[in-house]
Every structure is written in C-alpha cells, then in structure tokens.
Amino acid sequence: MDDETPDEVVLPIEDAIDLHAFAPKDARAVVDSYLEAAVEAGFDEVRVVHGRGIGVQREAIRALLARHPLVESFRDAPPERGGWGATIVRLKAAGTPI
C-alpha cells in the first residue's frame, strides 16, 4: 500500500463547484484554478457554491471575482440554485483579451 498523498487533486470540470469540500484557506486558489479550467472547457457561466454562514467566504470569493481577469460579471444565484449561498459567474469567452 502506498502511503504517499497526491499533491494535487484533479476534479472534472462542471458548471458548478461546491467549496464545502475545501478548506477555507484554500478556497480562493481553488476558485482561481477552477475559473481558468472552466474557460478552457468552454463554459460561459458557472456557479460557485460558498455557503451562507456569516458571509466571510462569500465576501472573500466575491473580492477575488471582482478583480479576476476571466470574470465578466457575477451575481447572487436565484433561490432554486442556492440563493445568497452561491454566486453565478459570467465568464469572458476563451480568447478574449484580458
């Protein structure tokens, strides 16, 4: 049995990512990598599920989105897609100048 832990976990790129599976300290890096992969996969819109809580994670993620070169815009998800516990992110098209 191999006791080595992989340095990187590769997840399939889908139209949503749930940050509950990641340590809060890693969330920003995870979202940054996810956005790059989502654009490469051809998505024009994705959903980032950050949870409701007291809003710390939400604000950290939205601060990242506000200045991310691949993000065109973002908004609260509608109630049926997570409400204020998730953010809908509109991505710039692949090949769009940053």
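Strands E3 and E4 run antiparallel and are joined by 5 bridges. This pairing is a handy place to enter the structure, which is a predicted model. Two of the partnerships across it can be named: Arg75 has Ile88 as its bridge partner in E4, and Asp76 is matched with Thr87 in E4. On the E2 side, E4 is again held in an antiparallel arrangement, with 5 bridges joining E2 to E4. Here Val46 stands opposite Val89 of E4.

Stepping back to the whole sheet, 4 strands form an open arrangement in the order E1-E2-E4-E3, with mixed pairing. The edges are taken by strand E1 (16–18) and strand E3 (71–76), each of which pairs on one side only. Neighbouring strands of this sheet are turned against each other by 20° on average, direction ignored. As a general reminder, strands of a sheet pair through backbone hydrogen bonds, in either parallel or antiparallel fashion.

The protein chain contains 2 helices alongside its 4 strands, and the elements follow the pattern β-α-β-α-β-β when read along the sequence. Helix H2 lies across E2, E3 and E4, and runs at about 155° to E3. Contacts between residues well separated in sequence are plentiful: of the contacts in the protein chain with a separation of 6 or more, 61% involve residues 24 or more positions apart. A spatial example of such a separation is offered by Ala60 and Pro24, which are 36 residues apart in sequence and 9.7 Å apart in space, C-alpha to C-alpha. Ala60 belongs to helix H2 (residues 56–67). With a relative accessible area of 22%, Ala60 counts as partly exposed, because buried residues must fall under 20%.

Turning to the interior, 33% of the 98 residues of the protein chain count as buried. The largest nonpolar core has 18 residues, of which Leu19, Val31, Leu35 and Val89 touch the most other members. Helix H1 (27–40), strand E2 (45–49), H2 and E4 each supply at least two residues of this core, and H1 gives the most, with 7 residues. Leu19 also shows how its surroundings draw on several parts of the chain: beyond residues up to four places away in sequence, Leu19 touches Ala27, Val30, Val31, Val48, Val49, His50, Gln57 and Ile61. As for the outside, the accessible surface of the protein chain comes to about 6,400 Å², and carbon and sulfur atoms account for 53% of that area.

Strand E4 deserves a closer look. E4 is mostly covered, with 5 of its 6 residues buried. One residue of this strand, Thr87, sits within the stretch 86–91 and is buried, since its relative accessible area is 0%. The side chain of Thr87 nevertheless has a polar partner, making a polar contact with the side chain of His50 at 2.8 Å. Leaving aside neighbours within four places in sequence, the residues in contact with Thr87 are Val46, Arg47, Val48, His50, Arg62, Leu65, Phe74, Arg75 and Ala77. His50 thus appears in two settings, as the polar partner of Thr87 and as a residue touched by Leu19.

Note on methods: Residues numbered from 1 in each chain as written. Predicted model: local features only at pLDDT ≥ 70, side-chain atom pairs only at ≥ 80, totals over all residues. Heavy atoms only, no water. Buried < 20%, exposed > 50% of the residue type's maximum accessible area, 1.4 Å probe, protein only. Polar contact = N/O pair within 3.5 Å; in protein donor to acceptor, adjacent residues only side chain to side chain. Contact = heavy atoms within 4.5 Å. Core = buried A, V, L, I, M, F, W, Y, C linked by side-chain atoms within 4.5 Å. Pairing = 2+ DSSP bridges. Axes fitted to C-alpha atoms, helices over the stretch in contact; angles between N-to-C directions. Areas by Shrake-Rupley, 256 points an atom, 1.4 Å probe, with all protein chains shown as cover.
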